[in-house]
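User: I should like a close look at the charged side chains of this protein and at how they are paired. Please extend the account to the surroundings of those residues where this helps to place them.

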Amino acid sequence: MSIAGNIAVGKTTLTQIVADRLGWRPYFESVEDNPYLQDFYSDMERWSFHLQVYFLSKRFRTQREMTEGNSPAIQDRSIYEDVEIFARNLYELGHMTERDWNNYSDLFSEMTAHLVKPTLIVYLKASTDTLITRLKKRGRGFEKMVSPEYLHRLNMAYGQWIRQAREQFSILTVETDEFDVFNDENRLEDILSAVESGCMLD
């Protein structure tokens, strides 16, 4: 299972909660130990291809490990978001050349052809204003350079991808603007029940 969603939407938090409550193996996105992330936010055009290949490699390894274990696993962001949301957006913004985009897309297709798809994708959805508030609250230095326009573009890309992805994946959409995962116990229980059963809940 994978948790999908924009930057600062709450993927890591929900991943940990699901893992703790259901006893699943958690896998987290490489952020603090990422050798490209800070450079990327300083110069997207210079580092976009390097960053996306790094994420692709890490998530490919993670998704293979998830299928090899004997207990359920949950992943903070899926490999499928990399190409359809982040790499495509960088290409459309002119931060990734057509040559690098084609190379990356081909590599993505070859790698994902060997993966087992997640049984469920939980899509955490939030407005750009909510994302900005959460981004400021967690206070990562390199994220100060993330613009509202960039987050908005990613939100638009997520909306388009989710509509198409429903043909391939079971997707649970969770509106998070008014959802406090730490205090809204009833809503959290509903989500956990849906996750356990692998059913869709919109």
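Which residues are linked in a network of salt bridges?

Analyst: The model is a predicted one. The network of salt bridges links Glu-29, Arg-59, Arg-77, Glu-81 and Asp-82. For context, the search of the whole structure gives 9 salt bridges.

Arg-77 is a convenient place to begin. This network member sits in the loop that runs between strand 3 and helix 4. Its relative accessibility is 5%, and residues under 20% are classed as buried, so Arg-77 counts as buried. The backbone of Arg-77 deserves attention as well: phi is near 75 degrees, which is a positive value in a residue other than glycine. A positive phi is found again at Ala-8, where the angle is near 70 degrees and the residue is likewise not glycine. Ala-8 belongs to the loop between strand 1 (2-5) and helix 1, and because its relative accessible area is 7%, Ala-8 is buried.

Strand 3 (residues 73-76) contains Gln-75. With a relative accessibility of 2%, Gln-75 is classed as buried. Its contacts, once neighbours within four places in sequence are set aside, include the network member Arg-59, together with Thr-62, Gln-63 and Met-66. Met-1, Ser-2, Ile-3, Thr-15 and Tyr-27 are also in contact with Gln-75. The C-alpha atoms of Gln-75 and Phe-28 lie 6.1 Å apart, although 47 residues separate the two in sequence.

Another polar residue to consider is Ser-30, in the loop between strand 2 (25-27) and helix 2 (37-42). Ser-30 has a relative accessible area of 11% and is therefore buried. Its side chain makes a polar contact of 2.6 Å with the side chain of Asp-33 and a polar contact of 2.9 Å with that of Tyr-54. Apart from residues up to four places away in sequence, Ser-30 touches Tyr-54 and Phe-55.

The remaining pairs to be described are salt bridges across parts of the chain that are separated in sequence. Glu-189 and Arg-21 meet through their side chains in a salt bridge, with an N to O distance of 2.1 Å. This pair links distant parts of the chain, since Glu-189 lies in helix 8 (residues 185-197) and Arg-21 in helix 1 (residues 11-22), 168 residues apart. Glu-189 has a relative accessibility of 32% and so counts as partly exposed, and Arg-21, at 40%, is also partly exposed.

The two helices that carry this pair pack with their axes 11 Å apart, at an angle of about 70 degrees. Angles from 65 to 115 degrees count as roughly perpendicular, so helix 1 is roughly perpendicular to helix 8. On the side of helix 1, the meeting residues are Leu-14, Ile-17, Val-18, Arg-21 and Leu-22. They face Glu-185, Leu-188, Glu-189, Leu-192, Val-195 and Glu-196 in helix 8. Sorted by class, the contact of helix 1 with helix 8 comprises 7 nonpolar residues, 4 charged residues and no polar ones. Both partners of the 2.1 Å salt bridge, Glu-189 and Arg-21, thus appear among the residues of this helix contact.

A further salt bridge joins Glu-92 and Arg-153, whose closest N and O atoms are 3.5 Å apart. Because Glu-92 is in helix 4 (residues 79-92) and Arg-153 in helix 7 (residues 148-165), this pair ties together parts that are 61 residues apart in sequence. Arg-153 has a relative accessible area of 32%, and it is therefore partly exposed.

Strands are linked by such a pair too. The side chains of Glu-175 and Lys-125 form a salt bridge, at 3.7 Å from N to O. Here the linked parts are strand 5 (residues 171-175), which holds Glu-175, and strand 4 (residues 121-125), which holds Lys-125, and the two residues are 50 residues apart. Glu-175 is partly exposed, at a relative accessible area of 46%. Lys-125 counts as partly exposed as well, its relative accessibility being 37%.

To return to the request, the network comprises Glu-29, Arg-59, Arg-77, Glu-81 and Asp-82, and its member Arg-77 is buried at 5% relative accessibility.

Note on methods:
Residues are numbered from 1 along each chain as its sequence is written. This is a predicted model: local features need pLDDT of at least 70, side-chain atom pairs count only at pLDDT 80 or more; totals for chains, interfaces and linings use all residues. Side-chain values use heavy atoms; hydrogens and water are left out. A salt bridge is a side-chain nitrogen of Lys or Arg within 4 Å of a carboxyl oxygen of Asp or Glu. Helices (H or I, at least four residues) and strands (E, at least two) are DSSP runs, numbered from the N terminus. Buried means under 20% relative accessible area, exposed over 50%, partly exposed in between (1.4 Å probe, protein chains only). Contact means heavy atoms within 4.5 Å. A polar contact is a pair of N or O atoms within 3.5 Å; within protein, one must be able to donate a hydrogen and the other to accept it, and residues adjacent in sequence count only if both atoms are side-chain atoms. Axes are lines fitted to C-alpha atoms, for helices over the stretch in contact, and angles run from 0 to 180 degrees between N-to-C directions. Angles under 35 degrees count as roughly parallel, over 145 as roughly antiparallel, 65 to 115 as roughly perpendicular and the rest as oblique. Ala, Val, Leu, Ile, Met, Phe, Trp, Tyr, Cys and Pro count as nonpolar, Asp, Glu, Lys and Arg as charged, and the others, Gly among them, as polar.
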